[in-house]
Amino acid sequence: KTSTGLSNQEKVRLIQELHTLNTHIMKCLDDCRGGSCDPRSCDHPYIINTSIVAKHRLEIIQPFLAQLENNPNKAMTVEKRIIGEIGHNSSSIYDLVQQAKNELGKMEKKFHLSVEE
């Protein structure tokens with residue numbers, strides 16, 4: 001699925017969701033580092049790498065949130081810039097949202113967490 005046929009409002013919602021999901025990924029990883037997950041499942045390289053990716057994505061997305069709130073018509077331009085900066089074989093903001101949801105699912109299994117949105 002791509003975000004080609006989506007309205008600007010739907011794209012804005014997806015960009016906001018991507019921000020929320022990456023914020024949640026960071027919180028789960030911080031909680032795990034803080035000892036709230038099973039130490040036997042604590043994979044430090046995974047935690048470090050996933051934190052770096054999520055933090056980088058948040059740094060890219062954050063500046064656009066206020067801009068989109070003020071002018072949702074810029075959603076297509078913002079989507080292209082986010083995808084261009086994040087890259088990672090993604091062709092749409094929808095793909096990035098799906099990747100973040102998949103990552104949360106993987107974390108839930110890996111760390112035996114109860115992942116809530």
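Colour the chain by secondary structure and follow it from the N terminus: the pattern along the sequence is α-α-α-α. This is a predicted model, and its secondary structure amounts to four helices and zero strands. The chain has 117 residues, and 41% of them count as buried. Of the contacts with a separation of 6 or more, 72% are between residues 24 or more positions apart. Switch on the surface if you like: the accessible area is about 6800 Å², with 50% of it belonging to carbon and sulfur atoms.

**The core**

Next, select Ile15, Ile82, Met107 and Phe111. Within the largest nonpolar core, which has 32 residues, these four touch the most other members. The elements giving two or more residues to this core are α1 (8-36), α2 (44-70), α3 (75-86) and α4 (93-111). Helix α1 provides the largest share, 10 residues.

Centre the view on Ile82. Leaving out residues up to four places away in sequence, Ile82 touches Ile15, Ile60, Ile61, Phe64, Gly87, Ile93 and Leu96.

**α1 against α2**

Show α1 and α2 alone. Their axes are 9 Å apart and the helices pack at an angle of about 145°, in a left-handed crossing. On the α1 side, select Val12, Ile15, Gln16, Leu18, His19, Asn22, Thr23, Ile25, Met26, Leu29, Cys32 and Arg33. On the α2 side, the contact is made by Tyr46, Ile47, Thr50, Ser51, Ala54, Lys55, Arg57, Leu58, Ile61, Gln62, Leu65 and Leu68. Coloured by class, this contact of α1 with α2 shows 14 nonpolar, seven polar and three charged residues.

Stay here and pick His19, which lies in helix α1. Is His19 buried or exposed? Its relative accessible area is 16%, so His19 counts as buried, the cut-off being under 20%. Apart from residues up to four places away in sequence, His19 touches Leu58, Ile61, Gln62 and Leu65.

**α1 against α3**

Hide α2 and bring up α3. Helices α1 and α3 pack at an angle of about 35° with their axes 9 Å apart, and this crossing is left-handed. Select Asn8, Lys11, Val12 and Ile15 in α1; they meet Ala75, Met76, Val78, Glu79 and Ile82 in α3. The residues of this contact divide into six nonpolar, one polar and two charged.

**Two loop residues**

Go to the loop between α2 and α3 and select Pro72. Pro72 is partly exposed, with a relative accessible area of 26%. Which residues does Pro72 touch, not counting residues up to four places away in sequence? They are Asn8, Gln9 and Val12. Draw a distance between the C-alpha atoms of Pro72 and Val12: the two residues are 60 apart along the chain, and the separation is 6.6 Å.

Finish at Ser90, in the loop between α3 and α4. Ser90 has a relative accessible area of 11%, which means that this loop residue is buried. Setting aside neighbours within four places in sequence, Ser90 is in contact with Ile83, Asp95, Leu96 and Gln99. Of these, select Leu96 and return to Ile82, which also touches Leu96.

Note on methods
Residues numbered from 1 in each chain as written. Predicted model: local features only at pLDDT ≥ 70, side-chain atom pairs only at ≥ 80, totals over all residues. Heavy atoms only, no water. Core = buried A, V, L, I, M, F, W, Y, C linked by side-chain atoms within 4.5 Å. Buried < 20%, exposed > 50% of the residue type's maximum accessible area, 1.4 Å probe, protein only. Contact = heavy atoms within 4.5 Å. Axes fitted to C-alpha atoms, helices over the stretch in contact; angles between N-to-C directions. Left-handed = near helix turned anticlockwise from the far one by under 90°. Nonpolar A, V, L, I, M, F, W, Y, C, P; charged D, E, K, R; others polar. Areas by Shrake-Rupley, 256 points an atom, 1.4 Å probe, with all protein chains shown as cover.
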